[in-house]
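Subject: Structure for your review

Dear colleague,

I am handing over the structure that we spoke about, and below it you will find my notes on what turned up when I went through it. Please read them with the model open beside you.

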Amino acid sequence: MSERTIRIAGMAGIAFVVLILITVFAGGSPPALDDPVGKVRTYMVDHRSALLISNVIGLIAIPLVVWFAVVLRELFRGGDRVTSALSTASLGGLLITAPVAIIGGSINISMIYIDGVANKLGDDTVRVVYDVQALIFAGTSAGIVLFTLMAALAIRRSNVLPAYVMWVGFVAALGNVVTMFSTAGSGAAALGIPGVLTFALFILVGGITMAMGKATPAAT
């Protein structure tokens, strides 16, 4: 694999982090899952344009992170069978995460996709749709744990990337284990924050490292 391809994949990872952080913060501070339905409805209606644009940005970001993960796997493929298996599992984790995130984004904007619909929906419908999208996004933590943990173990075995990337991967895996517990109840929803931030940090650190030419493909 050429150094240019690796650098481009690193830049794709960096661009993904920038875009995904825009989607996280563009809509302002969303209501908690146990807030009154009226507050949820008002938030969705008032932030309609920002939420629709954020969903588009998220769709643009996903191909970037998939390319990053594919090239990351290729860096490990020259190693032994265990390293190859770990890298394949890592890519699989990301490929699980991406469609789940797309589904979550689609459900999130379904109430406001057609202007004016949210104001006509019943309270129970608004509540269920809002809770479902939150649970789906929390569910991405399962794939992210697989992605980051397997990548960190592959780095440890092959030294394809510096050790600090490995440690960030372990932190990201732990952060997303914490996020899994955000599905335990509406009061635990805030546990979703560590997962998002540590995942973004792993992609950012790995992307910068690859873009700077500090990745060494595993030797056969």
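Which residues line the largest cavity? Before I answer, please keep in mind that this is a predicted model, and that every value below was computed from it. The lining of the largest cavity is made up of Ala69, Leu72, Arg73, Phe76, Ser87, Ser90, Leu91, Phe147 and Ala151. Helix H3 (48-76), helix H4 (81-110) and helix H5 (123-158) are the elements that give two or more residues to that lining, and H3 gives the most, with four residues. By character, the residues of this lining divide into six nonpolar, two polar and one charged. The volume of the largest cavity is about 40 Å³, and the count of cavities of 30 Å³ or more comes to one.

As for the overall build, the protein has seven helices and zero strands, so that you will read α-α-α-α-α-α-α from the N terminus on. The C-alpha atoms fill a box of roughly 60 × 30 × 20 Å along the principal axes. For 220 residues a compact globule would have a radius of gyration near 17 Å, and the 19 Å of the protein agrees with that. Of the 220 residues, 44% count as buried, and among the contacts with a separation of 6 or more, 80% are accounted for by residues 24 or more positions apart.

The largest pocket has a volume of about 1500 Å³. It is lined by 50 residues, and Thr23, Val24, Gln133, Phe137 and Val196 are those that lie nearest its centre. Helix H1 (3-26), helix H2 (37-46), H3, H4, H5, helix H6 (163-180) and helix H7 (192-211) each supply at least two residues of this lining, with H5 giving the most, nine residues. The pocket lining divides into 31 nonpolar, 19 polar and no charged residues.

Turning to the interior, the largest nonpolar core holds 36 residues, of which Leu72, Phe147, Leu161, Phe199, Phe202, Ile203 and Met210 touch the most other members. H1, H3, H4, H5, H6 and H7 each supply at least two residues of this core, and the largest share, eight residues, comes from H3. A second, separate core has 13 residues, including Val37, Val40, Tyr43 and Ile112. In soluble globular proteins, nonpolar side chains tend to be buried together. Leu72 and Phe147, named above for the largest core, also belong to the lining of the largest cavity. If you would like one residue of the core to start from, Ile203 is in contact with Gly13, Phe16, Val17, Val65, Phe68 and Phe147, once its neighbours within four places in sequence are left aside.

One backbone detail remains, and it concerns Asn159, which lies in the loop between H5 and H6. Its phi is near 60°, a positive value in a residue other than glycine. Most residues other than glycine have a negative phi. Is Asn159 buried or exposed? Asn159 has a relative accessible area of 57%, and because the cut-off for exposed is over 50%, Asn159 counts as exposed.

With best wishes

Note on methods:
Residues are numbered from 1 along each chain as its sequence is written. This is a predicted model: local features need pLDDT of at least 70, side-chain atom pairs count only at pLDDT 80 or more; totals for chains, interfaces and linings use all residues. Side-chain values use heavy atoms; hydrogens and water are left out. On a 1 Å grid over the protein atoms alone, a cavity is a set of points where a 1.4 Å probe fits but cannot get out, and a pocket is an open set with protein on both sides within 12 Å along at least five of seven lines; lining residues have an atom within 4 Å of a point. Grid points are joined across faces, edges and corners, and a volume is the space filled by probe spheres set on the points. Ala, Val, Leu, Ile, Met, Phe, Trp, Tyr, Cys and Pro count as nonpolar, Asp, Glu, Lys and Arg as charged, and the others, Gly among them, as polar. A nonpolar core is a set of buried Ala, Val, Leu, Ile, Met, Phe, Trp, Tyr and Cys residues joined through side-chain atoms within 4.5 Å. Buried means under 20% relative accessible area, exposed over 50%, partly exposed in between (1.4 Å probe, protein chains only). Contact means heavy atoms within 4.5 Å. The radius of gyration is taken over C-alpha atoms; the globule rule is 2.2 Å times the number of residues to the power 0.38.
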